[in-house]
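Subject: Handing over the structure

Hello,

Here is the structure I promised to pass on to you. Have a look at it first, and then read on for what turned up in it.

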Amino acid sequence: MRKLKVAMLGFGNAGSAFGRMLADKHEEIKERYDCDVIVTAIVTGRRGSIVNPGGIDLEKVCTAGASGAFPEDTEGLGALTAMEVVETADYDVVCEMTPLNIFTGQPAIDHIKAAFARGKHVITANKGPIAWAFDELEQMAKDNGCMFFYETVVMDGTPVFNLTEHTLKMCRVTEVSGILNSTTNYILEEMAKGRDYDSIMESGRQLGFVEADPAMDIEGYDAAAKVTALLNVLMKAGITPDMVDRTGIENITAEDIKDAASRGKVIKLLCCGKLDEDGKVTAFVKPVEVEMNDMLASIDSTTSVVSITTDLMGKISVIEHAPEIEQTAYGVFGDLLRVIEGLQQ
């Protein structure tokens, strides 16, 4: 039986959920794929690291949750950095789940490069590397014979990249659009109900999807990074988030929303990228008034949608309904299964 060793960079909510999913499905993976998946390294920013070449007890470390300290008797406890783990630990595939730096994609980009340099496969749930350095990383993966998967970076476990790669063969993508930021979608919807901004933000924080500092969402940076990632993969755009024409919702008022409603419209933060007359990809993120009978108007609360326009199959839309952290974990889990399948070919 093949043994596949996994190193996890980051063990927050998504990482902890992925760990639980991997533990729950451990025996089933062995039976279906004849592969024993073990986690040999976990590194966090505040709780230290665990390195155990024989395999970490996932059920034990997951009991601590995403913020609690690891059990003191956990074998391999230490204080290695993510880069030290990438460069020295014994693993076959690294799962890059460190916090996003939306303005540079670092240090996640360097983590991935270091893994490829060792001939290791990479799964990333971090949109930064795909938004800021996709072409370079993709080429480095090819040069070193490594697999590189990133389904989770835009819509959690929703199969967007897999859809185009496996079921839209020979289709040329000419436009990508959608509602990709759940925080702003929630805020605009609640404003339309007449709620004040402070109570909306407090409710969102209690529900767990509004950050303590939501500026990256509200000002459109997160949406810009996501649409950049989509365009780089699906349209080979070769762009970075600072090349997206970005306008957030920070200046949208209750009066703007009421005025739109009086004309049968609703305001949504729309992401879009398409080919211009010169064959280059241009992109924007901005609040747009949408007709009430438009599909986009029905995208409520934390639901997201992406629409892909192609030359051979026309326009296809994929909706992710109110995802929980398990959907993010499944995106990483699904990519891990792709690695296993790739190793069997």
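A residue is called buried here when its relative accessible area is under 20%. Please also keep in mind that this is a predicted model.

With that cut-off in hand, strand β6 (residues 121-124) is a nice place to begin. His121 and Ile123 point one way from the strand, Val122 and Thr124 point the other way, and all are buried. On one side β6 pairs with strand β5 (residues 93-96) in the parallel sense, over four bridges, and glutamate 96 has threonine 124 as its bridge partner in β6. The pairing of β6 with β7 is also in the parallel sense, over two bridges; here valine 122 has phenylalanine 148 of β7 as its bridge partner.

Zooming out, these strands belong to an open sheet of seven, in the order β4-β3-β2-β1-β5-β6-β7, with mixed pairing. Which strands stand at its edges? They are β4 (77-78) and β7 (148-149); each has a single partner strand, so one side of each is left without a neighbour in the sheet.

Strand β1 (residues 2-9) of this sheet holds alanine 7. Alanine 7 counts as buried because its relative accessibility is 0%, against a cut-off of 20%. Beyond residues up to four places away in sequence, alanine 7 touches Ala41, Val85, Tyr91, Val93, Val94 and Cys95. One of these, tyrosine 91, lies 84 residues apart from alanine 7 along the chain, yet their C-alpha atoms are separated by 5.9 Å.

There is another open sheet to look at. Six strands form it in the order β9-β11-β10-β8-β12-β13, and the pairing is again mixed. β9 (245-246) and β13 are its edge strands, each with a single partner strand, so each has one side without a neighbour in the sheet. Strand β12 (residues 304-310) and β13 run antiparallel and are joined by seven bridges. Among the residues involved, valine 305 has isoleucine 319 as its bridge partner in β13.

Glutamate 320 sits in that edge strand, β13 (residues 314-320). Where is the nearest side chain of opposite charge to glutamate 320? That side chain belongs to lysine 226 and is 7.5 Å away; glutamate 320 is buried yet has no salt bridge. Its side chain does make a polar contact with the side chain of threonine 158, at 3.4 Å. Threonine 158 is also one of the residues that glutamate 320 touches, leaving out those up to four places away in sequence; the others are Met155, Asp156, Gly157, Thr303, Ser304 and Gln327.

Now to the nonpolar interior. The largest nonpolar core has 68 residues, and Phe148, Leu230, Leu231 and Leu234 touch the most other members. Helix α12 (residues 221-234) supplies the largest share of this core, with eight residues. A second, separate core has 35 residues, including Ala23, Val39, Ile42 and Ile123. You have met two of these names already: phenylalanine 148 is the bridge partner of valine 122, and Ile123 is one of the buried residues of β6. As for leucine 234, its contacts outside four places in sequence are Val160, Phe161, Thr164, Val173, Val176 and Ile308.

Helix α8 (residues 161-167) contains glutamate 165. Is glutamate 165 buried or partly exposed? With a relative accessible area of 44%, glutamate 165 is partly exposed. Its side chain and that of arginine 338 are joined by a polar contact of 3.2 Å.

Last comes helix α9 (residues 182-192), which is mostly covered, with eight of its eleven residues buried. Those buried residues are Thr183, Thr184, Asn185, Tyr186, Ile187, Leu188, Glu190 and Met191. They pack against β8 (173-179), α10 (197-207), α11 (215-218), α13 (254-262) and β10 (265-275). At the N-terminal end of α9, asparagine 181 acts as a cap: one of its side-chain oxygens lies 3.3 Å from the backbone nitrogen of threonine 183. After α9 comes glycine 194, with a positive phi near 95°.

Enjoy exploring, and best wishes!

How values were computed: Residues are numbered from 1 along each chain as its sequence is written. This is a predicted model: local features need pLDDT of at least 70, side-chain atom pairs count only at pLDDT 80 or more; totals for chains, interfaces and linings use all residues. Side-chain values use heavy atoms; hydrogens and water are left out. Buried means under 20% relative accessible area, exposed over 50%, partly exposed in between (1.4 Å probe, protein chains only). Lys and Arg count as positive and Asp and Glu as negative; His and the chain ends are not counted. A salt bridge is a side-chain nitrogen of Lys or Arg within 4 Å of a carboxyl oxygen of Asp or Glu. A polar contact is a pair of N or O atoms within 3.5 Å; within protein, one must be able to donate a hydrogen and the other to accept it, and residues adjacent in sequence count only if both atoms are side-chain atoms. Contact means heavy atoms within 4.5 Å. A nonpolar core is a set of buried Ala, Val, Leu, Ile, Met, Phe, Trp, Tyr and Cys residues joined through side-chain atoms within 4.5 Å. Two strands pair if DSSP finds at least two bridges between them.
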